[in-house]
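Let's take a stroll around a ligand site and the sheet beside it. Have the structure open as you read.

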Amino acid sequence: MTELDQSLLDAGERLFERRWQLLKSVPALEFLPPADRPEIAFAGRSNVGKSSLINALVRQNGLCRTSNTPGRTQELNYFESPGDPLFIVDMPGYGYAKAPVEKVAAWGALVTDYLRGRTTLARVFLLIDARHGIKPTDEQIAEILDDAAVTYQVALTKIDKINETDLAKVREATERKIAKHPAAFPVVIETSAEKNIGVTELRATIAGIVADRA
Ligand code: GDP
């Protein structure tokens, strides 16, 4: 990844040093909290490690419930840290139960409307399991994000599960694929929630986004 300067790394640590909490679960757009601050959303296939990464980000194991019963929720979960100018949004996982590609459409009108209409949505982190790389289902989600013109950035998850050679391959393939997507941010972040790799960089990246929006 590109160099992140020390001031951003520090700002990232500050952003996540206080306690984060669930503000609300949003089952329909009418229940969205006021659009009064930037927000960052996390999307990914069920089981990609989304809850684990959000928990690592905020250093709170219990904030986001990790679960092996994917697809259970179709809600947008809003997290806040009182005093911090940011919402973190956990989007529903997609692509569970080996659903056929067409079923991605069912990822939800809620999510599509949210992506199109939420002007304070500053970036979506699209999580991709480093063992699998970008799958057709992820490509479909990337297209929904392109259509909504929301900037999104790929974060590889669970990189502790593969070796350096395979990581280099998946990095190269991922960069090649996202280069074709107009709304994709060209820097791929590599993370492991388990080994706490890339989490500092993720915090700093988010701090940079917040600073840009201020
Ligand atoms: P979600 O469905 O996307 O929220 O995924 P979870 O965070 O619940 O994680 C799914 C499974 O992957 C769980 O068994 C986690 O323990 C495991 N997992 C998540 N992140 C990592 C990681 O960085 N490394 C490893 N080895 N396992 C992980």
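## Around the ligand

The shell around the ligand is made up of two nonpolar, eight polar and six charged residues (Ala, Val, Leu, Ile, Met, Phe, Trp, Tyr, Cys and Pro count as nonpolar, Asp, Glu, Lys and Arg as charged, and the others, Gly among them, as polar). Keep in mind that this is a predicted model: local features need pLDDT of at least 70, side-chain atom pairs count only at pLDDT 80 or more, and totals for chains, interfaces and linings use all residues. Residues are numbered from 1 along each chain as its sequence is written, and side-chain values use heavy atoms, leaving out hydrogens and water.

Which residues come nearest to the ligand? They are N47, K50, S51, S52 and D160, out of 16 around the ligand (a heavy atom within 4 Å counts as near).

Here are some polar contacts with ligand oxygen atoms (pairs of N or O atoms within 3.5 Å):

| Residue and polar atom | Distance to a ligand oxygen |
|---|---|
| S52, side chain | 2.6 Å |
| V48, backbone | 3.2 Å |
| S192, side chain | 3.4 Å |

The protein covers 81% of the 580 Å² of accessible area that the ligand has on its own (Shrake-Rupley method, 1.4 Å probe).

## The sheet

Seven strands form an open sheet with mixed pairing, in the order β1-β3-β4-β2-β5-β6-β7. Strands are DSSP runs of E, at least two residues long, and two of them pair if DSSP finds at least two bridges between them. At the edges sit β1 (21-26) and β7 (189-190), each pairing on one side only. Strands β5 (residues 121-129) and β6 (residues 152-157) run parallel, joined by six bridges.

Technical notes
A polar contact is a pair of N or O atoms within 3.5 Å; within protein, one must be able to donate a hydrogen and the other to accept it, and residues adjacent in sequence count only if both atoms are side-chain atoms. Helices (H or I, at least four residues) and strands (E, at least two) are DSSP runs, numbered from the N terminus.
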